[in-house]
Amino acid sequence: MSAFADGDYCGCVTQLEPVLGEVVRIGGSHAQRELIEDTFIVALMKSGELARAHAMLDARLHRRPSPRDTRWRATAP
């Protein structure tokens, strides 16, 4: 998270990617865990990895509708 806060989006992607599948082990609410995934998606978009961001957003939109994810998907062509 500090890499994201510092504007090091590539570093944020590198640090979060290996642990995304383990976030549920941290505990907390679904919303708190989704915040980690949101941070990862935005870091992907800001680091120019749009195809990967699109894939994650598409998967989430397939699971459930979200105006915000739809907006993010549209603004990161």
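## Exercises on a helical model

In α4, the buried residues (under 20% relative accessible area, using a 1.4 Å probe and protein chains only) are E34, I36, D38, T39, F40, I41, V42, A43, L44 and M45. Before you start, note that this is a predicted model, where local features need pLDDT of at least 70, side-chain atom pairs count only at pLDDT 80 or more, and totals for chains, interfaces and linings use all residues. Residues are numbered from 1 along each chain as its sequence is written, and side-chain values use heavy atoms, with hydrogens and water left out. Helices here are DSSP runs (H or I, at least four residues), numbered from the N terminus.

**Exercise 1. Work out how α4 fits in with the other helices.**

Step 1: start with length. α4 has 17 residues and runs 24 Å from its first C-alpha to its last. That is close to the 24 Å expected at 1.5 Å a residue, where the expected span is 1.5 Å times one less than the number of residues.

Step 2: look for partners. The buried residues of α4 pack against α1 (2-5), α2, α3, α5 and α6. Contact here means heavy atoms within 4.5 Å.

Step 3: zoom in on E34, which sits in α4. With a relative accessible area of 18%, E34 is buried. Skip its neighbours within four places in sequence, and E34 touches R60, R64 and R68.

Step 4: check what comes next. After α4 you reach G48, which has a positive phi near 85°.

**Exercise 2. Describe how α2 crosses α4.**

Step 1: pick the right numbers. Two packed helices are described by the angle between their axes and the distance between the axes.

Step 2: read them off. The axes of α2 (residues 9-16) and α4 come within 8 Å and cross at roughly 135°. Those axes are lines fitted to C-alpha atoms over the stretch in contact, with angles from 0 to 180 degrees between N-to-C directions.

Step 3: name the arrangement. This makes α2 oblique to α4. Angles under 35 degrees count as roughly parallel, over 145 as roughly antiparallel, 65 to 115 as roughly perpendicular and the rest as oblique.

Step 4: list the residues that meet. On the α2 side they are Y9, C12, V13 and L16, and on the α4 side I36, T39, F40, A43, L44 and K46.

**Exercise 3. Find the two faces of α5.**

Step 1: check the helix itself. The 14 residues of α5 (residues 50-63) should span 20 Å at 1.5 Å a residue, and its end C-alpha atoms are 20 Å apart, so the two agree.

Step 2: collect the buried residues of α5, namely A53, H54, L57 and R60. They cover an arc of only 130° around the axis (taken from the directions from the helix axis to the C-beta atoms), which puts them on the same side of α5. As a reminder, an α-helix has 3.6 residues a turn, so residues three or four places apart point the same way.

Step 3: turn the helix round. A51, H62 and R63 are exposed (over 50%) on the other side of α5.

Step 4: see what covers the buried side. The buried residues of α5 pack against α4 (30-46) and α6 (67-75).

**Exercise 4. Describe how α5 meets α6, then follow L61 and D58.**

Step 1: take the geometry. The axes of α5 and α6 come within 10 Å and cross at roughly 150°. The two helices are therefore roughly antiparallel to each other.

Step 2: list the meeting residues. H54, L57, D58, R60 and L61 in α5 meet R68, D69, T70, W72 and R73 in α6.

Step 3: follow L61. L61 is partly exposed (between the 20% and 50% limits), with a relative accessible area of 25%. Leaving aside neighbours within four places in sequence, L61 is in contact with S66, D69, T70 and R73. From L61 to K46, 15 residues apart in sequence, the C-alpha distance is 20 Å.

Step 4: do likewise for D58. D58 is partly exposed, at 36% relative accessible area. D58 and A43 lie 15 residues apart in sequence, with 16 Å between their C-alpha atoms.
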